Every structure is written in structure tokens, then in C-alpha cells.
Amino acid sequence: MTIQWFPGHMTKARRQIEDKLKLIDVVIELLDARIPLSSRNPMVDEILKGKPRLVLLNKNDLADPKATAEWVQYFADQGLPAFPIDAATGTNVKEILPRVKQLWAHKIEAMLRKGINPRAIRALIVGIPNVGKSTLINQLAGKKIAATGDKPGVTKGQQWIKVGTEMDLLDTPGILWPKFEDQMVGMRLAATGAIKEELLHLDEIALFVIKYMVQHYGAGIQERFGVQDLPDDMDNIQEMVKVMEAIGRKRGCIVSGGKVDLDKTSLIIIRDLRAGKMGRISLEKPF
Ligand code: GDP
């Protein structure tokens with residue numbers, strides 16, 4: 001799903017989350033492990049208003065494990081517990097409940113002291129489109145969730161999903177908008193698939209990816225595309241285009257006259273990156 005965000009959409013999204021927050025004890029903030037800051041809503045602290053929060057770095061199967069470990073530390077330094085997961089395969093998803101319980105333990109203790117039987121913790125998943133919210137809800141539910149609102153006789157509105165006996169999860173996540181005004185953020189979102197590539201210039205995104213890869217993951221390009229000569233000067237656009245042409249030639253993206261089809265090459269580069277075929281790549285690092 002790609003949403004084009006206009007100020008009206010943002011106001012509505014914010015109001016919807018604020019309505020849900022009234023029902024919620026703990027928020028699960030889902031970020032893309034490859035681009036934790038670029039996949040983060042710029043107003044998230046303000047919107048969540050100090051609710052206890054767990055940060056999950058999703059799609060960690062595609063991210064550089066070393067960078068992810070640094071990001072976990074980065075969030076811990078800000079007092080936010082964070083850890084990586086793969087919602088698609090379920091890796092680390094079992095860790096979520098114990099960590100949510102830790103965040104709510106003081107309330108449970110207070111209830112027990114007053115002689116009140118503690119109820120299940122109420123949680124909400126929030127994040128930008130495509131970060132994996134529905135995938136995670138399905139993993140936590142342990143099954144595909146039916147669209148209950150469409151069935152006759154079933155009440156529309158919020159439904160709770162039981163995650164064991166100790167946590168109830170709202171079945172609809174909070175959708176937040178990304179910080180797309182910054183051009184580099186836009187590139188990272190496009191490269192990872194948070195924004196549809198059709199909305200942007202493919203060659204620009206591919207050049208951004210190649211430049212980043214040459215700087216940080218040269219071996220990934222050499223292994224995947226068999227391009228041996230990587231340029232020293234990443235700001236020399238002609239040198240970078242030469243790398244793209246070499247990739248295009250290797251992958252048979254040739255048009256009549258023997259020229260390289262740069263659009264097709266760009267698409268291959270972007271798709272390979274998103275599928276993890278150049279290795280586990282993080283496009284943003286904290287330190
Ligand atoms: P939502 O818009 O936030 O609800 O995102 P979705 O749950 O629809 O997921 C968006 C895309 O990301 C889908 O193609 C998912 O299969 C994919 N996805 C979700 N979690 C993971 C993950 O951990 N690893 C990978 N590789 N893909 C994932």
C-alpha cells in the first residue's frame with residue numbers, strides 16, 4: 001500500500017491513532033531495520049504522548065546485523081528498549097510479549113498491591129506503510145485474521161486479538177507517515193520499497209543505491225554483478241554511470257546499437273537490493 005500523504009491525511013491519521021491510544025497500555029513502534037530513522041514518523045514522540053513503548057526493527061533478515069546491533073544501542077541510549085525481528089518468518093516475535101510485560105510490570109505490581117486482578121495488557125502496533133504491521137499482527141495472532149467488519153452480524157470497529165492470555169492487541173494498526181520532505185530520506189524509502197518506485201526516477205534511486213554500496217558494501221556489488229573495478233570518486237557521476245553500465249551489460253540489459261538500457265538496469269538493482277540478493281544491507285547507520 002502506498003499512500004500519498006497530504007496535510008489532511010496526516011491530521012486524520014494522527015486523530016485515528018490518538019483515538020486508539022485511549023484504549024492502549026503499551027505501543028509497539030515498528031521501524032525498518034535497514035533505515036530506522038528514515039522509516040520513523042517525525043512526530044512520533046509527540047503523537048504517542050509518553051506511552052510505554054517498545055521499538056522493533058523489522059525486516060532484519062535484509063539488514064546488516066552489525067548496523068542493527070548499533071541501532072539497538074542507539075535506541076537504548078535514548079531510553080527506548082529495541083530489538084530486531086523478522087515479522088515475515090516470525091524470528092524473535094516470541095520475544096515481544098516478555099518485553100511488553102517488562103514495560104507494564106510496574107502497573108501490574110501496583111494493581112496486585114491494591115488487590116486488583118490484573119487484566120491483559122493492551123497493545124497497539126504503529127508504523128509507516130509497508131513496514132510490516134499487518135504481517136506482524138498475523139504472526140502474533142498465529143493465523144490469518146479475517147476482515148471481521150465485512151461479515152454480517154459482526155460489530156464494526158476495533159477488535160482485539162488475544163496474544164496468549166496476557167496481551168490483547170488491536171487488530172488494526174496505527175498508520176503513520178514518514179519524513180519524506182528530506183530528499184535522502186525519500187531515496188532510502190524508495191530504495192527499500194516503502195514508496196513505490198513508480199513514483200520516483202528509477203535511475204536516481206539506483207544511482208543512490210550504487211553509490212552507497214560502493215562506499216559501504218563494495219564486495220556485495222562485486223559478488224552479485226561481477227563488476228571488479230569500483231571507482232574511487234563516488235561524486236563523479238560519470239564514474240558511477242559506468243558502474244551501472246557494467247552491471248547492465250552483465251545482466252543483458254542491452255538495447256539496439258549495443259547501448260545499455262539504464263531503466264531496466266536500475267530496476268534490477270533496486271529489486272535485487274529489496275530481495276537481499278546483494279547481501280544484508282543497511283542504508284542508514286547511527287554512528
Ligand atoms: P504494512 O503496510 O505495514 O501492514 O506492511 P505489510 O505487513 O503489508 O508488509 C509489507 C511488505 O513487507 C510485505 O510484502 C511483507 O511480506 C514484507 N515484510 C514484512 N515483514 C517482513 C520481514 O520481516 N522481512 C521481509 N523480508 N519482508 C517483510
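In the predicted model, helix H6 is lined with buried residues: Val185, Gly186, Met187, Arg188, Leu189, Ala190, Ala191 and Thr192 are all buried. The helix runs over residues 183-192, and eight of its ten residues fall in this class, so H6 is largely enclosed by the rest of the structure. What do the buried residues of H6 pack against? Their partners are strand E1 (26-32) together with helices H7 and H10.

Those two helices also meet one another. H7 covers residues 202-216 and H10 covers residues 262-274, and their axes lie 8 Å apart at an angle of about 50°. The two helices are therefore oblique to each other, since an angle of about 50° is neither under 35 degrees nor in the range 65 to 115. As for handedness, the crossing of H7 and H10 is left-handed. On the H7 side the contact involves Leu202, Asp203, Ile205, Ala206, Val209 and Ile210, while H10 contributes Asp263, Ser266, Leu267, Ile269, Ile270 and Leu273. By residue type, this contact comprises nine nonpolar residues, one polar residue and two charged ones. The spacing of such positions can be read against a familiar rule: an α-helix has 3.6 residues a turn, so residues three or four places apart point the same way.

It is helpful to set these helices in the chain as a whole. The protein chain contains ten helices and seven strands, and it is divided into domain 1 (7-175) and domain 2 (201-274). The centres of the two domains, taken over C-alpha atoms, are separated by 37 Å. Along its principal axes, the C-alpha trace spans about 80 × 45 × 35 Å. Of the 287 residues in the chain, 46% count as buried. Contacts between residues at least 6 apart in sequence were also examined, and 71% of them join residues at least 24 apart.

The loops offer some details of their own. Two residues other than glycine have a positive phi: Lys59, with a value of about 60°, and Asn130, with a value near 75°. Lys59 sits in the loop between strand E2 (53-58) and helix H3 (65-77), whereas Asn130 belongs to the loop between strand E4 (121-127) and helix H5 (133-141). Are these residues buried or exposed? Lys59 counts as partly exposed because its relative accessibility is 22%, and Asn130 is likewise partly exposed, with a relative accessible area of 33%.

A further loop residue is Met234, placed between helix H8 (218-225) and helix H9 (237-250). With a relative accessible area of 17%, Met234 is buried, as the cut-off for this class is under 20%. Which residues does Met234 touch, leaving aside those up to four places away in sequence? Its contacts are Lys211, Val214, Gln215 and Met240. The position of Met234 can also be related to helix H6, where Ala190 is among the buried residues. Met234 and Ala190 are 44 residues apart along the chain, and 20 Å separate their C-alpha atoms.

Conventions. Residues are numbered from 1 along each chain as its sequence is written. This is a predicted model: local features need pLDDT of at least 70, side-chain atom pairs count only at pLDDT 80 or more; totals for chains, interfaces and linings use all residues. Side-chain values use heavy atoms; hydrogens and water are left out. Domain bounds come from an automatic or database domain assignment. Axes are lines fitted to C-alpha atoms, for helices over the stretch in contact, and angles run from 0 to 180 degrees between N-to-C directions. Helices (H or I, at least four residues) and strands (E, at least two) are DSSP runs, numbered from the N terminus. Angles under 35 degrees count as roughly parallel, over 145 as roughly antiparallel, 65 to 115 as roughly perpendicular and the rest as oblique. A crossing is left-handed if the near helix is turned anticlockwise from the far one by less than a right angle, and right-handed if clockwise. Contact means heavy atoms within 4.5 Å. Ala, Val, Leu, Ile, Met, Phe, Trp, Tyr, Cys and Pro count as nonpolar, Asp, Glu, Lys and Arg as charged, and the others, Gly among them, as polar. Buried means under 20% relative accessible area, exposed over 50%, partly exposed in between (1.4 Å probe, protein chains only).
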